[in-house]
Amino acid sequence: MTTTLIVAEKPDAALHVAEALGTAQEPTRVSIRGVPFFEIQNDAGRVLVCSALGHLYGVGAKGEKPRSQYPVWDFDWKPKHEIERGQGRQEKWISAISQASRQADQFINACDFDVEGSLIGYTILRFACGGADRTAQRMKFSTLTPKELRQAFANLLPQLDFPLAFAGMCRHEVDWLYGINLSRALTQSALKASRRYSTLSTGRVQGPTLQFIVEREREIQTFVPLPCWVLGAKFDVDGEIVEAEYEFEKLDTKVQGEEAVRECAGRTGIIEKLESKPYQISPPTPFDLSSLQSEAYRHFGYSPRVALAVAERLYLDQLISYPRTSSQKLPPSIGYEDVLRALKSVEAYRYDAASILSSGTLRPNQGKKDDPAHPAVYPTGKIPEGQIDQHGERLFDLVVRRFLAAFGSAATRKSDKATIKVGRHTFFLRGSRTVKKGWIQFYMPYAKFEDITLPPLKEGQQVKVVSVSLEEKFSQPPPRYNPSSLLKEMEEAEIGTKATRAEVIETLYRREYVKDQRMSATPLAFRITEILTKYCPKVLDVAFTRELERDMEEIESGKQTREHVVHETIEYLKPVIEDLKKKEDEVGRELSSIISDMRDSSVTLVVPCPRCGSSLKVVKNPKTKKRFIGCVGKWKTNCTFALPLPQYGRLTLLEKRCPECSFQLVQVRSKGRRPLVSCPKCYVKKAEKPAEIAVAKSRST
Amino acid sequence: MPEHCSLCERPKQTESEFCSLHKAAQKGLEAAYSEWAKAYGSLTKAEYFDRLETLGETGVAVKDVIRHFREKGAMQ
């Protein structure tokens, strides 16, 4: 009997594949070396479905080399546990898949159909299954619903999607060459000069992304506001007081403003012209990943990485289609009607889905962006049955509402404008309102349009000026990036991929190059960027990074080879890294002072000890390893003031103060969770604990 | 070893006592003065600095430069 081994990307996906492809009974869960496999019988014979755990293989230096050594140009694909610490589970997984592969005659890659999924499947089949990549077939699907999985199994691609896998390999190799060499150059230079270890990193995408933030920070820090004056007037229209705006948005001199106030105050204006114009607002396009991340940030405050994680969970629960897509199009093959009929069974969507179904032809508003592998994100029609959490519920609703809205008709709004003349000055009264809701009704509460209705007006009508105001204002610095706007900037600059951008942003936080939700660059970020600009400016060059990105995309379409792109990368990087190595002392000196300042400021609070006025620091009990806020006055005045701190996650001292007690706030960031901001002093009060905690006798700063 | 900026630890720029950041702030500060003077009709440099120091929109590097000029007494 034939045995087929199917490799899925994640354990949940493996179970769905097994459930969909089995003919009669439920899949049997079998364990090989403690790793779960799902066994089924179908027309193809015996089928074993296993899963990866993300990437089981990665790029590592050829041979055994110390982790500090650079430059490194020779690399190999190696099992993850051989190149990264804490990957013991991966070792077990590889060994189990290897054992299962010896029983198999046929192999199928059923990982997600994109660069990363193709690469995960390819490396497992090639390295763990004894070169099975040569004969393996490929399942292509965009949802984990039984119907689509069965269709994909019945229409297997005869071979693996090698161009996609090779593009993925190339991306990993190029990123590794950049990351290892540049990061080690920075880290080793700093270590040499300061004798203290700090992980410093940069990368092919990370460098230019950090440059965006540093450039913005530079603009903000060197910003000189310019004054301007804004004129406004209130008119009495048949007893109703309405506010009008002046013909010029702002006036550059105070004299102009004062003159206008003098000439308008106490006068009567005349309504010279009334205009009313309808305009249409097209329905939104279906979600691609970045627009989903952007809306999730706007409405729920989810960072791009959190939004992606929640969306992937919904995908694994069969509720939505594959979220890592660049497409804004929904092809008819997804079965519009089936999805809408399924949504009709949910109370919250019943009316809207029925309304769309009864409207006649189903035609969603398609966006411009396309993705050959997947359609835009859409609900599969499966209804959540209590298995999702609040984040999942919110994102699912957003996806459903966006899907419904895409089928809606254009909305019509009307803008009203009244032109009022007061002597030689002109004012405008503006209103706007929705006259036909169209798609807006399906996208509530996410579509927000304010209605401002003007009172009844007639041309030639006289209106009394009740008051004229002149407000002094100042030009504003550009806004800081937030994770969502930075992601958009990266996308527009065409650097990184939909799968990697969110992670790059998280790395910037982890390395302490940026802080706060409104991303501000730290002094370390400034220094790293200045060093890279001085010694290897091309590493920060967006155009160069974009070019490399395009080369890698060309591997997907077969126009470029992986070997060529890797070779070009090495040719470019070699002189840069060798030059950096020669200037290690110089670079180290430039880095060491900032690292020492950062380290000190990261543990020293700006608020003094409320008891003795000495500095407060974040310290760690050497015995219990627990961190807390302690007073350095301990050594001079025997002050025992201390406050507890959260024990898990990366701790940052914020510049913000507690609104209740003015103590300095702290923030804790843990992977996969939203940052938690708290006041150590209020926490003690709320917990009804004494203001001081027992401090271990011996402690260190 | 390069000399430091008068206001921070960064290396100073050639023909300036400041690093690139503070030099850019100084340049912006000087360039905007004529626009401020025009906007208010007349304005001394001391008044200009006073106003900028109180505004939240003013960049921190610009405020550093203003404080430095004050300490040096270079207000004209």
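Let us start inside chain A of this predicted model, at helix 1, which covers residues 11–21. Several of its residues are buried: A:Ala13, A:Ala14, A:His16, A:Val17, A:Ala18, A:Ala20 and A:Leu21. What do these buried residues pack against? Their partners, which also belong to chain A, include four strands: strand 1 (3–8), strand 3 (35–42), strand 4 (45–51) and strand 7 (106–110). Two helices join them, helix 5 (146–154) and helix 10 (304–316).

One residue of helix 1 is worth following further. Setting aside residues up to four places away in sequence, A:Val17 touches A:Ile6, A:Ala8, A:Val49, A:Ala110 and A:Leu149. A:Val17 also appears among the residues with the most contacts inside the largest nonpolar core, together with A:Val7, A:Val49, A:Ala307 and A:Ala525. That core has 148 residues, and helix 6 of chain A (residues 162–194) gives the most to it, with 16 residues. Another core lies apart from it; this one has 18 residues, among them A:Leu231, A:Ala233, A:Leu251 and A:Ala260. As background, nonpolar side chains tend to be buried together in soluble globular proteins.

Now step back to see chain A as a whole. Its secondary structure comes to 21 helices and 22 strands. Along the principal axes, the C-alpha trace of chain A spans about 95 × 80 × 60 Å. Of its 701 residues, 41% count as buried. If you take the contacts in chain A with a separation of 6 or more, residues 24 or more positions apart account for 69% of them.

Strand 3, one of the partners of helix 1, is a good place to look at strand pairing. In general, strands of a sheet pair through backbone hydrogen bonds, either parallel or antiparallel. Strand 2 of chain A (residues 28–32) pairs with strand 3 of chain A in the antiparallel sense, over 5 bridges. Here A:Val30 stands opposite A:Phe37 of strand 3. The two strands form a hairpin with 2 residues between them, and A:Arg33 in the turn has a positive phi of about 50°.

Continue along the chain and strand 3 of chain A meets strand 4 of chain A. These two run antiparallel and are joined by 5 bridges. A hairpin links strand 3 to strand 4 of chain A through 2 residues, and A:Asn42 has A:Gly45 in strand 4 as its bridge partner.

Further along chain A, 3 strands form an open sheet in the order 17-18-19, with antiparallel pairing. Which strands lie at its edges? They are strand 17 (616–620) and strand 19 (642–644) of chain A, each of which pairs on one side only. On average, neighbouring strands of this sheet are turned by 30° against each other, direction ignored. Strand 17 of chain A is joined to strand 18 of chain A (residues 627–631) by 5 bridges, and within this part of the sheet A:Val618 stands opposite A:Ile629 of strand 18.

Beyond strand 19 of chain A comes a loop that leads to strand 20 (650–657), and A:Gly649 has its place there. Why does A:Gly649 count as partly exposed? The reason is that 14 other C-beta atoms lie within 10 Å, whereas a buried residue needs 20 or more and an exposed one has 12 or fewer. Leaving aside neighbours within four places in sequence, A:Gly649 is in contact with A:Val668, A:Arg669 and A:Ser670. A:Gly649 and A:Gln667 are 18 residues apart in sequence, and their C-alpha atoms are 9.1 Å apart in space.

Finally, turn to chain B. This chain has 3 helices and 0 strands, so to speak an α-α-α run from the N terminus on. Its C-alpha trace spans about 45 × 25 × 20 Å along the principal axes. Buried residues make up 28% of its 76 residues. Among contacts in chain B between residues at least 6 apart in sequence, 33% join residues at least 24 apart.

How do the two chains touch? The contact takes 21 residues from chain B and 18 residues from chain A. On the chain B side, helix 1 (20–40) and helix 3 (60–72) each supply at least two residues. Helix 1 of chain B gives the most, with 11 residues. The residues on this side of chain B divide into 13 nonpolar, 4 polar and 4 charged.

How values were computed: Residues numbered from 1 in each chain as written. Chains lettered and ligands numbered in written order. Predicted model: local features only at pLDDT ≥ 70, side-chain atom pairs only at ≥ 80, totals over all residues. Contact = placed C-beta atoms within 7 Å. Nonpolar A, V, L, I, M, F, W, Y, C, P; charged D, E, K, R; others polar. Pairing = 2+ DSSP bridges. Axes fitted to C-alpha atoms, helices over the stretch in contact; angles between N-to-C directions. Core = buried A, V, L, I, M, F, W, Y, C linked by C-beta atoms within 7 Å.
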